Amino acid sequence: MTHTIAVLGAGAWGTALAKALSDKGHQVHLWSWQKPHADAIQRDRTNQDFLPGFELAPTLRATSDLPDALGGADMVLTAVPTHVLREVLGKAAPHLPESAPILSVSKGIEISTLKVVSGIFEDCVPKETLDRVAYLGGPSFAKEVAAGMPTAVVVACTSHDVACRWQEALATDRLRVYTTDDVIGIELGGALKNVIAIAAGVSDGLGFGHNSRAALITRGLAEMTRLATKMGAHPLTLAGLGGMGDLVLTCTGDLSRNRTVGLELGKGRKLDDILAGMTQVAEGVRTTKAAYALAQREGCEMPITDAMYRILYEGQSPLEATVELMTRRKRAERD
Ligand SMILES: NC(=O)C1=CN([C@@H]2O[C@H](COP(=O)(O)OP(=O)(O)OC[C@H]3O[C@@H](n4cnc5c(N)ncnc54)[C@H](O)[C@@H]3O)[C@@H](O)[C@H]2O)C=CC1
Ligand SMILES: O=C(CO)COP(=O)(O)O
């Protein structure tokens, strides 16, 4: 069965998913907030700014008019950076098609409220819409999905029916889609791994080796799991695609924007300079601030996140942060 799907957000991930959906036969309306960008996609049949090199199907229609993008859609996918989601949902809410399943693919935590994406949805859409909203997680670089490389993701939703509808809409022989009801687990896994990915990049940028990176991945997963389970997640979710899977991908894969930020920091560049040279979002930079505050609120020890906070927001040198991390109080592994 094919659908008309509005994809709100024409960055790398929104475009890769829009491409996957339209290649599968769905009618896709891809919304960019900037008219020249939408016009260029519509004219060139590619997204030169965020996902160059991939041809988009003739059935995909790009627009910068939000009501037009949502008009006639029976499914809606949101793919904008977390810090603009509230603004985009505010504008989209009056035009959301009744009873359409919604899928958010953002991975972050809002700094001003410490809310994950489901919390932002709670504030922005009518209550009766909420059980139609699903959340996507898992190791999935946009470029590899666009290139048709086998990828496995997870759709989390409180409604099994909605999760299955997205599973059905997205799945192909190159995109395997699992379902889960653990929304908070998938959301926190996807957001917190970005912080650890920056740390792994810092480690590599400092010239450290595989031992250091493996330690960061493993102890990163431990602190991600500590916070997520405290907030209601199932521990096995964090060991799955949306936790461990995405963590390994972004801590080791050179396509990761978060890991790239870390690499440059480790080499001694300043955060502002690094960000000024980037056109794409590295969610982990903002998420570090939010996760640091969230850990304090929840009384949860997150030493790698704390170290990243000191590097990103207090100007501590990566080397000094490393020494502090390595010499913190001695403890048992499973504490
Ligand atoms: N790129 C990837 O491989 C993956 C990304 N994600 C997540 O998806 C979300 C989106 O990421 P990407 O598409 O990669 O980001 P991106 O940096 O490639 O694109 C961001 C898009 O948001 C738009 N934008 C900026 N300000 C806006 C505003 N005020 N209103 C509306 N749109 C605005 C930009 O013009 C751009 O089209 C993030 O939360 C990211 O963590 C999740 C999985 C994979
Ligand atoms: O979340 C991602 C892949 O699953 C993308 O990671 P980056 O945002 O670090 O590129």
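Here is a walk through this structure, from its two domains to its two ligands and the residues around them.

First, some ground rules: residues are numbered from 1 along each chain as its sequence is written, while chains are lettered from A and ligands numbered from 1 in the order in which they are written. Keep in mind that this is a predicted model, where local features need pLDDT of at least 70, side-chain atom pairs count only at pLDDT 80 or more, and totals for chains, interfaces and linings use all residues.

Let's start with the big picture. The chain splits into domain 1 (4-181) and domain 2 (191-326), with bounds that come from an automatic or database domain assignment. Going by C-alpha atoms, the centres of domain 1 and domain 2 are 25 Å apart. The two domains do touch: 24 residues of domain 1 are in contact with 24 residues of domain 2. Here, "in contact" says that the C-beta atoms of two residues, placed from the backbone, lie within 7 Å.

Which elements supply the side of domain 1 that touches domain 2? Helix 4 (82-92), strand 7 (151-156) and strand 8 (175-180) each supply at least two residues, and strand 7 has the largest share, with three residues. Helices (H or I, at least four residues) and strands (E, at least two) are DSSP runs, numbered from the N terminus. As for chemistry, that side of domain 1 has 13 nonpolar, seven polar and four charged residues. In this sorting, Ala, Val, Leu, Ile, Met, Phe, Trp, Tyr, Cys and Pro are nonpolar, Asp, Glu, Lys and Arg are charged, and the others, Gly among them, are polar.

Now for ligand 1. There are 26 residues around ligand 1, and G11, A12, W13, W33 and Q280 come nearest. A residue makes the list if its C-beta atom, placed from the backbone, lies within 6 Å of the molecule. Helix 1 (12-23) and helix 4 are the elements that give two or more residues to this shell, and helix 4 gives the most, with four residues. So you meet helix 4 twice: it also supplies at least two residues of the side of domain 1 that touches domain 2. The shell around ligand 1 has 14 nonpolar, nine polar and three charged residues, and at least three residues come from each of domain 1 and domain 2.

Next up is ligand 2, with 13 residues around it, of which S140, T250, S256, R257 and N258 come nearest. Helix 8 (183-205), helix 11 (241-252) and helix 12 (257-266) each give two or more residues to the shell, with helix 11 giving the most, three residues. By class, the shell around ligand 2 has four nonpolar, five polar and four charged residues. Each of domain 1 and domain 2 provides at least three residues here.

What does the UniProt record add? One "binding site" annotation (unreviewed entry) covers K107, R257 and N258; such annotations may be inferred rather than shown by experiment, feature names are shortened, and positions are given in the numbering used here. These residues are spread over 152 residues of sequence, yet they cluster in space, with a largest C-alpha distance of 12.9 Å.

Take a closer look at helix 12, where R257 and N258 both lie. Is R257 buried or exposed? R257 is buried because 22 other C-beta atoms lie within 10 Å, and N258 is buried with 26 C-beta neighbours inside 10 Å. The cut-offs are 20 or more other C-beta atoms within 10 Å for buried, 12 or fewer for exposed, and partly exposed in between, with C-beta atoms placed from the backbone. Leaving aside neighbours within four places in sequence, R257 is in contact with M278, Q280, V281 and A282. In fact, nine of the ten residues of helix 12 are buried, so the helix is largely enclosed by the rest of the structure. Its cover includes helix 8, helix 11 and helix 14 (283-298). Just after helix 12, G268 takes a positive phi of about 105 degrees.

Finally, UniProt (unreviewed entry) also lists W13, K107, A142, R257, V281 and E283 under "binding site". E283 sits in helix 14 and is buried, with 24 C-beta neighbours inside 10 Å. Not counting residues up to four places away in sequence, E283 touches P81, T82, K107, G108, N194 and N258. A142, in helix 6 (residues 142-146), is buried too, with 23 other C-beta atoms within 10 Å.
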